[in-house]
Amino acid sequence: MTEPFPRHPYLSGFYRPFGAEMDAPDLVIEGSLPAELEGTFYRNGPDPQHPPHPDDRYHVFDGDGMVYAIRIAGGRASLRNRWVRTRKWELERAAGRRLFGVFGNPRFNDPSVSPMDYNTANTHIWPHGDLVYALMEGCPPTAMNPETLETLGYETFGNTVTGPFTAHPKTDPADGAMHAFGYCAKGPGSTAIRYNVIDARGRPRHLAWLDQPWASMMHDFALTEAHVVFPCLPVVIDMARALEGKPMAAWEPERPAMFGIMEKGGPGGESVSWHEAEQTFAFHVANSFEDGRDIVIDVAGARRAPLMPSADGTLPDENETRFRLTRWRIGGNGHVSEERLDDLDIQFPRIDDRFQGRRYARVFANGTARPTAGRIDGFDSIATIDLARGTRHSFSFGEGAYCGEPVFVPRGSREGDGWLLSLVWDSSANESFLAVLDAEHVAAGPVARVLMPARIPGGFHCHWRPMA
Ligand SMILES: [Fe+2]
């Protein structure tokens with residue numbers, strides 16, 4: 001038996017915990033799925049098993065990871081969803097209640113558990129080699145069988161990933177290697193960053209260590225053809241603050257932004273050059289590339305971080321936290337400038353991954369042209385932003401629709417020639433579906449809708465794994 005969940009915007013409506021695992025072998029399809037679309041669309045997101053301690057504050061980043069796999073082949077589609085069976089999940093399932101504080105806050109951890117076992121595995125689901133990995137930035141990857149979604153346990157890649165591992169690794173199109181990092185890599189609140197390169201077959205290739213200027217919550221980073229860039233921004237992890245009952249991760253308004261540049265596959269340490277910039281914020285990097293002596297990093301940028309309180313617990317004004325496509329340019333002289341590229345209010349920017357780290361033109365994002373005060377998400381549209389032409393094309397699924405992160409699936413070899421897949425919840429019809437759009441004709445709307453058998457709650461990141 002589990003206790004009722006408390007009233008919380010991320011535990012109700014679109015985010016109300018679902019709490020069930022399903023197998024739906026043959027889904028209803030409206031329209032027709034493209035014949036060449038064969039593979040699996042994955043989505044990860046929070047689905048908490050149990051409510052937190054009554055004195056603890058739930059956070060949407062905290063719920064137990066639930067992975068959805070929508071498999072498409074021969075014009076048909078099936079659905080399977082499974083919780084990621086982390087040690088935290090198993091212990092709490094056995095106890096029938098929550099044993100860990102939100103974010104693993106030691107103040108609310110049950111004495112029976114080890115803080116090391118706090119793993120939600122809820123943020124991303126990343127295919128590499130023969131497996132998929134459920135990722136959350138505080139732990140090593142949790143391996144899963146891509147077909148059955150059976151949890152296989154932590155993957156340390158030959159003991160080279162010994163702790164936190166970003167939910168946003170990058171796959172280098174040059175050789176299929178995965179570049180990744182982990183922050184707070186020598187314990188919560190430490191400035192240590194571990195940088196890993198894993199080859200296309202899953203073998204460790206490179207390991208390096210560096211320190212960031214302060215223990216920033218570094219959600220994402222950038223990879224170009226020649227460099228990796230670590231953005232150290234003003235959301236700071238402070239364990240002493242957490243033990244006082246204040247936020248463990250908080251926005252510290254006196255901080256600037258710092259960008260650490262290192263050669264791709266570099267040795268870390270003193271080889272990293274840090275460049276100070278005006279205060280700025282982004283969770284997500286769309287793409288980055290070399291432009292002469294400059295490094296360009298395109299992000300969903302905002303004045304400050306949403307969902308992250310100040311040290312006194314107050315949450316930011318919504319108008320400061322809307323993300324828009326923004327370009328950071330780190331000049332060869334070390335000067336950093338910022339430019340807004342588009343005005344649409346977006347959430348998760350994606351690209352044609354074959355152009356990761358390369359000069360590119362197209363960003364795909366879920367967004368909204370009608371931001372509403374007090375709304376939770378509400379990204380009703382899928383957009384293609386063409387940076388070369390300066391155009392934006394979008395399709396709105398209507399007021400009350402919530403579009404998830406769009407994933408690009410290639411069709412031809414030209415950048416952007418392919419399909420966009422997004423999991424949508426239409427709150428007015430109480431219907432979830434996977435929308436398939438032609439990425440070159442987004443405004444025409446979906447060519448197919450794969451209907452889900454139940455509401456699929458709000459979640460985070462998605463990926464596509466083509467059929468072998
Ligand atoms: Fe993310």
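Reader: What makes the arrangement around the iron ion irregular?

Author: The angles do. The four donor atoms around the iron ion subtend 92 to 165 degrees. Four donors are tetrahedral if all angles lie between 85 and 135 degrees, and square planar if opposite donors are over 155 degrees apart and all others between 65 and 115; anything else is irregular. The angles here make the arrangement irregular. The model is predicted: local features need pLDDT of at least 70, side-chain atom pairs count only at pLDDT 80 or more, and totals for chains, interfaces and linings use all residues. Residues are numbered from 1 along each chain as its sequence is written, and side-chain values use heavy atoms, with hydrogens and water left out.

Reader: Which residues are the protein donors of the iron ion, and how do you know?

Author: Distance decides. His168, His219, His284 and His461 each offer NE2, at 2.0 to 2.1 Å from the iron ion. Donors are N, O and S atoms within 2.8 Å of the metal (3.2 Å for Na, K and Ca), and sites may look incomplete without water. Along the chain the donors follow the spacing H-x50-H-x64-H-x176-H.

Reader: Why can His219 and His284 be said to tie parts together?

Author: His219 sits in the loop between strand E13 (204-211) and strand E14 (222-223), and His284 in strand E20 (residues 281-291), so the pair links parts 65 residues apart in sequence. Strands are DSSP runs of at least two residues, numbered from the N terminus. Both His219 and His284 are buried.

Reader: Is His275 called buried or exposed, and why?

Author: Buried. The term means under 20% relative accessible area, with exposed over 50% and partly exposed in between (1.4 Å probe, protein chains only). His275 has 18%, so it counts as buried. His275 belongs to strand E19 (residues 273-277). Its contacts, beyond neighbours within four places in sequence, include Phe259, Ile330 and Val336. Contact means heavy atoms within 4.5 Å.

Reader: What makes the link between the side chains of His275 and Ser273 a polar contact?

Author: Their separation is 3.1 Å. A polar contact is a pair of N or O atoms within 3.5 Å, one able to donate a hydrogen and the other to accept it; residues adjacent in sequence count only if both atoms are side-chain atoms.

Reader: What is Gly400 called, and why?

Author: Partly exposed, because its relative accessibility is 25%. Gly400 lies in the loop between strand E27 (391-396) and E28. Residues up to four places away aside, Gly400 touches Trp425, Asp426, Ser427 and Ser428. The C-alpha atoms of Gly400 and Ala429 are 9.1 Å apart, across 29 residues of chain.

Reader: And Thr151: why is it called buried?

Author: Its relative accessible area is 17%, so Thr151 is buried. Thr151 lies in strand E9 (residues 151-154). Its side chain reaches the backbone nitrogen of Arg85 at 2.9 Å.

Reader: How many cavities of 30 Å³ or more are there?

Author: Two, in a search of the whole structure. A cavity is a set of points on a 1 Å grid where a 1.4 Å probe fits but cannot get out, and lining residues have an atom within 4 Å of a point. The largest cavity holds about 140 Å³. Its lining has 20 residues, and Phe14, Cys403, Gly404, Gly458 and Gly459 lie nearest its centre.

Reader: Which strand gives the most to the lining of the largest cavity?

Author: E30, with three residues.

Key
Four donors count as tetrahedral if all angles lie between 85 and 135 degrees; four count as square planar and six as octahedral if opposite donors are over 155 degrees apart and all others between 65 and 115; anything else is irregular. Helices (H or I, at least four residues) and strands (E, at least two) are DSSP runs, numbered from the N terminus. On a 1 Å grid over the protein atoms alone, a cavity is a set of points where a 1.4 Å probe fits but cannot get out, and a pocket is an open set with protein on both sides within 12 Å along at least five of seven lines; lining residues have an atom within 4 Å of a point. Grid points are joined across faces, edges and corners, and a volume is the space filled by probe spheres set on the points.
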